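The report below describes a single model, beginning with its surface and overall make-up and moving on to its metal sites, its core and a few individual residues.

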Amino acid sequence: MYTQNIKTDSLGVKALDEMEPKERAFQERINADDRIEPKDWMPEAYRKTLIRQISQHAHSEVVGQLPEGNWISRAPTLERKAILLAKVQDEAGHGLYLYCAAETLGATRDELLEQLHAGKAKYSSIFNYPTLTWADIGAIGWLVDGAAIMNQVPLQRCSYGPYSRAMIRVCKEESFHQRQGFDIMMKLCAGTKGQKAMAQDALNRWWWPSLMMFGPPDGESVHSAQSMAWKIKLYSNDELRQKFVDQTVPQADLLGIKVPDPDLRWNEDKGGYDFGEIDWDEFHRVLKGGGPCNRERLGARVKAWEDGAWFRDGLMAHAEKKAAAARPMAAE
Ligand SMILES: [Fe+2]
Ligand SMILES: [Fe+2]
């Protein structure tokens, strides 16, 4: 039964010959791997989807500082403290590049932050889990930054210029983050029995939330088909998740710790691992605000925003004073 007179492919995306000339020219540029720049014409839905995607990404970078920030003052050595401090600062920088990229699409930083603080904007649900031991800092770098790299490397080739360029720098820093996390895990796994047990415990708690970072299964992923046609998503959630599992399981073997999944086994035919069912109820519960640290994370962001009001006001007053001084004096 036809309910509308628009030809779509099997995934529900409009076909080229059904598009208005402007939209068609836009899609053809994307198909030719051209980059779309801020002043170029773009469909409203492309703009909105990108603002949502980039701002969620920015919020995740900024909220993502909190679980690790918790351990800066308790890092076991001066060297570890300096490394962790640099890593957490990098995440703040990632947030800033990404808010800037979202601003090129016409969103203001104030409105994006307002949505975050009001609990209306999403950020990666992994940051709503607590960091209980130092090994969690290793597991986060290894798994969470590792999953972030999987997601972000393809985005270096995404169709929106400012986003793709931000990803190039971000990915360089993410690979340092992943390596520092793996290095912590190596040290712990080569240490005492107690240290190795700590590493195993961290892997047990962070493994499944890391797999959830790739989002719902392809069949349930609402924006996927259109986002792939626009090249703001280059691989499906399940494809990236599979790549992550295939890359990470041998690393756990090298560490001598066990991925907490009784169904995990190598599948010769597909050349990858089969793995167990993800608890999607948990994923949706945490996303809706029911995770162990949702309130704490959002509370910390709102407090930081409120505590920084005097500083923002000072900057504005200073900028206004400078602008006034630069204005030509009125004739005497
Ligand atoms: Fe980051
Ligand atoms: Fe990172």
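The accessible surface of the chain amounts to about 17,800 Å², and 56% of it belongs to carbon and sulfur atoms; accessible areas come from the Shrake-Rupley method with a 1.4 Å probe, and for residues only the protein chains shown count as cover. This is a predicted model, in which local features need pLDDT of at least 70 and side-chain atom pairs count only at pLDDT 80 or more, while totals for chains, interfaces and linings use all residues. Residues are numbered from 1 along each chain as its sequence is written, chains are lettered from A and ligands numbered from 1 in the order in which they are written, and side-chain values use heavy atoms, with hydrogens and water left out.

**Overall make-up**

Taken along the principal axes, the C-alpha atoms of the chain fill a box of roughly 80 × 70 × 35 Å. The secondary structure comprises 13 helices and two strands, where helices (H or I, at least four residues) and strands (E, at least two) are DSSP runs numbered from the N terminus. Of the 332 residues of the chain, 45% count as buried, a term that means under 20% relative accessible area, as against exposed at over 50% and partly exposed in between (1.4 Å probe, protein chains only). Among the contacts in the chain with a separation of 6 or more, 74% come from residues 24 or more positions apart, contact meaning heavy atoms within 4.5 Å.

**The two iron sites**

The table sets out the two sites, in which donors are N, O and S atoms within 2.8 Å of the metal (3.2 Å for Na, K and Ca); water is not among the atoms, so sites may look incomplete.

| Ion | Donor residues | Distances | Angles among the four donor atoms |
|---|---|---|---|
| Iron ion (ligand 1) | E61 (OE), E91 (OE), H94 (ND1), E174 (OE) | 2.0 to 2.2 Å | 85 to 145 degrees |
| Iron ion (ligand 2) | E91 (OE), D145 (OD), E174 (OE), H177 (ND1) | 2.0 to 2.2 Å | 90 to 162 degrees |

The site of the iron ion (ligand 1) is irregular, and the site of the iron ion (ligand 2) is irregular as well. Four donors count as tetrahedral if all angles lie between 85 and 135 degrees; four count as square planar and six as octahedral if opposite donors are over 155 degrees apart and all others between 65 and 115, and anything else is irregular.

The iron ion (ligand 1) and the iron ion (ligand 2) are 3.3 Å apart, with E91 coordinating both. Along the chain, the donors of the iron ion (ligand 1) follow the spacing E-x29-E-x2-H-x79-E. Within that set, E61 in helix α2 (residues 44-63) and H94 in helix α4 (residues 78-103) are 33 residues apart, so that the pair links distant parts of the chain, and both E61 and H94 are buried.

For the iron ion (ligand 2), the donor residues are spaced E-x53-D-x28-E-x2-H in sequence. E174 and H177 are separated by about one helical turn because they are three residues apart in helix α7 (residues 161-189). E174 counts as buried at 1% relative accessibility, and H177 is buried with a relative accessible area of 0%.

E173 also has its place in helix α7 and counts as buried, at 15% relative accessibility. Its contacts, leaving aside neighbours within four places in sequence, are D90, H94 and Y97. From C-alpha to C-alpha, E173 and E91 are 8.9 Å apart in space, although 82 residues apart in sequence.

**Nonpolar core and cysteines**

The largest nonpolar core, a set of buried Ala, Val, Leu, Ile, Met, Phe, Trp, Tyr and Cys residues joined through side-chain atoms within 4.5 Å, has 76 residues, and those with the most contacts inside it are Y46, I54, W142, Y160, Y163, W206 and W207. Helix α6 (residues 134-155) gives the most to this core, with 11 residues. Not counting residues up to four places away in sequence, I54 touches L98, A101, A102, L105, Y160 and Y163.

L116, which lies in helix α5 (residues 109-117), counts as buried at 0% relative accessibility. Beyond its neighbours within four places in sequence, L116 is in contact with H59, V63, Y99, A121, Y123 and L298.

The structure holds zero disulfides, a disulfide being a pair of cysteine sulfur atoms within 2.5 Å. C171 is in no disulfide, and the nearest cysteine sulfur, that of C158, is 11 Å away. C171 counts as buried at 8% relative accessibility, and C189 is buried with a relative accessible area of 12%.
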